[in-house]
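Reader: Got a minute to go through this model with me? I'd like to start with the interface.

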Amino acid sequence: MSFSRIVMLLASASLCACASTTTIDDYRPTTELIEIQSHEKVAVLGRRDAGHYETDTGFIECLGNQLDGSHFDVVPEQAFIDALYPWFEPRTAPKGIKRLRNLMSDPVVKAKVAQENIRYLVWLDGEVESAGHAGTMSCGIGPTGGGCFGYASWDKNVFFEAVVWDLADLTEEARIRVDSEGTSYVIGIVAPIPLLSPVKSQACEGMGAKLRSYFAKEVG
Amino acid sequence: MLVAGAMLTGCATSASVTVDTNRFPTVVSQPRDISAAIVMDHEFRNFQALPLEKVDITFGAAQVDLWTKAFDGLFDDVQIVNSKAEAPPGTDLVIIPSVQEVQLSTPNQSYLNVYEVWIKYRLDIETADGVPIDSWFLPAYGKTPDSVMLSRTRAIEGATVVALRDAGAKLLLDFYRIPAVHVWIEQRQQVGP
């Protein structure tokens, strides 16, 4: 393989690797902005009740960081779960608004939520899947040095759904679904060169921007 | 030799895990006007499970911490005692928790990228006079989100902490739903404490 062909392969792979497709669907019962006072907080939680996967903790943190730049504070997931123990454990966490209303009818739980100033809850559910592995890469080491040669690729699909609950009015405020897919490559020319598709970060940024756009800038 | 030694150590499957105390938050719950003595004997306080060959998990102190906080959310007055004989006067209920079984599943066994822990508790519930109300089995489950970047010891400890938290959650969710306990409370309300 000539040097120019290798350079062309690298360049085209780099361009392809950066490409990913992200789709965001959302639903809101109203077009009005969600009101939040400056002292009120938002908690971002991941669903843990599915048997075969848990919502990606990296994505939960990423979305929390995306929202944390807003005029309201974001409560870290574990801090929220600990503050309301044991009502948001995998066994006990409410899965729907009806169960949330039941839970919040307990005056002790309601008082604790008010004490912590937590107004909105963002439930995240989803996962990152890898599929379509292709190509081969061989790495070796000898007396004069080592290296890799070959090419490998795989597809990454990300889907997450966020549901926003109002803990004061006990209503569902919004529902957003984000799907992102892209292909990552590793090219081995002596050293392995990873060209990773940023599907997860793009999904996180897209969902974060959408969520931020729902909240009114400042009230009261 | 150093490399060979490191490789052998790296492949070793033994683990000795101690779960720290103070890993459990206080519970958010309105306790009922009941006085209970919780019997935690020496074995319970120093409990060590041997779920696999060469793997031991010590969580006696941790489970004392968890159960103390969980029972504080159920009853207005909770006394932790070493034996039934130490239950103070005026006690309504005596509860004796014990560990029946502990199971551990590792990625080597399950081919999943998680560590899982199951703990089966038994709670013997009696009146202060020693009349049995019920023996309640309480299964709890915990797992790590994934075991990537976690040492074997930390992963097993993490899964055990999640299982203990699950036990506390189940206790608070289901204790007053136990039919025999429900009947005992109704009778107590009719007769008066």
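**Chain B against chain A**

Author: Sure. One contact to begin with: the side chains of Arg91(A) and Asp166(B) form a salt bridge, 2.8 Å from N to O. Keep in mind that this is a predicted model.

Reader: How many salt bridges are there across the interface of chain B and chain A?

Author: The rule finds three. It also finds seven residue pairs in polar contact across that interface.

Reader: Which elements of chain B supply at least two residues each to the side that touches chain A?

Author: Strand 8 (132–143) and helix 5 (152–174) of chain B. Helix 5 gives the largest share, eight residues.

Reader: And how do the residues on that side divide by type?

Author: Eleven are nonpolar, four polar and four charged.

Reader: What about the contact count and the buried area?

Author: In chain B, 19 residues contact 17 residues of chain A. The buried area is about 1500 Å². Carbon and sulfur atoms give 58% of that area.

Reader: Which residues in chain B lose the most area to chain A?

Author: Val28(B), Lys143(B) and Arg165(B). Together they account for 41% of what the chain B side buries.

Reader: New topic. In strand 1 of chain B, which side chains are buried?

Author: Ala15(B) and Val17(B), which point to one face. Ser16(B) and Thr18(B) point to the other face and are not buried.

Reader: Which residue stands opposite Val17(B)?

Author: Ile57(B), in strand 4 of chain B.

Reader: Do strands 1 and 4 of chain B run parallel or antiparallel?

Author: Parallel, with four bridges joining strand 1 to strand 4 (residues 55–58).

Notes
Residues numbered from 1 in each chain as written. Chains lettered and ligands numbered in written order. Predicted model: local features only at pLDDT ≥ 70, side-chain atom pairs only at ≥ 80, totals over all residues. Heavy atoms only, no water. Contact = heavy atoms within 4.5 Å. Buried area = accessible area lost by both parts, 1.4 Å probe. Salt bridge = Lys/Arg side-chain N within 4 Å of Asp/Glu carboxyl O. Polar contact = N/O pair within 3.5 Å; in protein donor to acceptor, adjacent residues only side chain to side chain. Nonpolar A, V, L, I, M, F, W, Y, C, P; charged D, E, K, R; others polar. Buried < 20%, exposed > 50% of the residue type's maximum accessible area, 1.4 Å probe, protein only. Pairing = 2+ DSSP bridges.
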